[in-house]
Amino acid sequence: MRLLIQDFPQVVPNLIKFLKDRLLEIFVKTSELLQPIPEKYRWQLARKFKLYEIHEGKTILREGKPSGGLFIFLAGEAVATRKRRGKVLKLAELGPGALIGEISLVTGGPAVASVTAKTKCWLLAVSTKQFEVLTKNFPDLKVMVERLADQRRRDNARILAGDPNYVSQELRLV
C-alpha cells in the first residue's frame, strides 16, 4: 500500500473516500443506534454524521467542557477518565461501537468525563443542534440515547463509589 501511495499519490483521496464510505456502510448496517429508524431513512440519517480521524493521545472529550454532540467509535481505542478528589479514575475502555457525549447531550451540561485516544480512532459525530433536529423526526432515537445515558450515569456512579461487585458492561452500539 505504501508503495502504491508513493508511486501514485493521486489515489490517496480515493482511498480515503473508500474508507469513509465503508465505515459508514458498516455503521448503517450494524449500529443499534439506527435500529429504531425505518430502514429507508437510515442512510439519510447516517449522512448527517461527520467522520473524524483522531490521533493517538488526543483528547476527544474533556471533563467539564461541552461535548458538542454525540460520538460513535467506528475504529480505534480510547479511555474514559474522571477526576475525583485529586485522582484520575478510569471509567471505561472504549472501542468500536462505543458511544460518548450522550450524557451531556441529554442533560445539556458539560462532559462528565474526559476521553483520550489510546490509538488512532475514527469517530462519527453529530452536533447537539443536528441531534435535536434528527430527534424531532425520529423520536425513538432520542429515547434510545436517553436510555444509554441513564445506564452510563448508573455505571459511572458505581465505579466512582468503588463498588467491588461492579463489572463494566460497556455500552456498545454494534
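In the predicted model, one open sheet is built from four strands in the order S2-S7-S4-S5, with antiparallel pairing. Strand S2 (59-61) and strand S5 (87-94) are the edge strands, and each pairs on one side only. Direction ignored, neighbouring strands of this sheet are turned by 30° against each other on average.

Within this sheet, strand S4 (residues 78-84) and S5 run antiparallel and are joined by seven bridges. Valine 79 stands opposite glutamate 93 of S5. Helix H6 lies across S4 and S5. The helix runs at about 135° to S5.

H6 also holds asparagine 156. This residue is buried, because its relative accessible area is 6% and the cut-off for burial is under 20%. Leaving aside residues up to four places away in sequence, asparagine 156 touches Leu91, Ile103 and Val112.

A further four strands form an open sheet in the order S1-S8-S3-S6, and the pairing here is antiparallel. Strand S1 (50-54) and strand S6 (99-100) stand at the edges with a single partner strand each, so one side of each has no neighbour in the sheet. Strand S3 (residues 69-75) runs antiparallel to S6, and two bridges join them. Phenylalanine 71 is placed opposite isoleucine 100 of S6. Helix H5 lies across S3 and strand S8 (121-127). The angle between H5 and S8 is about 65°.

Helix H3 (residues 39-46) was examined next. Arg42, Leu45 and Ala46 of this helix are buried. They lie on the same side of H3, because they cover an arc of only 90° around the axis. An α-helix has 3.6 residues a turn, so residues three or four places apart point the same way. The cover over the buried residues of H3 includes helix H2 (12-30), helix H5 (128-137) and helix H6 (139-160).

The packing of H2 against H3 was then described. Their axes are 10 Å apart and make an angle of about 140°. The two helices are therefore oblique to each other; roughly antiparallel would require an angle over 145 degrees. The crossing of H2 and H3 is right-handed. H2 contributes Leu24, Glu25, Phe27 and Val28 to the contact. H3 contributes Arg42, Trp43 and Ala46. Of these H3 residues, Arg42 and Ala46 are among the buried ones.

Definitions and conventions: Residues numbered from 1 in each chain as written. Predicted model: local features only at pLDDT ≥ 70, side-chain atom pairs only at ≥ 80, totals over all residues. Heavy atoms only, no water. Buried < 20%, exposed > 50% of the residue type's maximum accessible area, 1.4 Å probe, protein only. Arc of directions from axis to C-beta. Contact = heavy atoms within 4.5 Å. Pairing = 2+ DSSP bridges. Axes fitted to C-alpha atoms, helices over the stretch in contact; angles between N-to-C directions. Parallel < 35°, antiparallel > 145°, perpendicular 65-115°, else oblique. Left-handed = near helix turned anticlockwise from the far one by under 90°.
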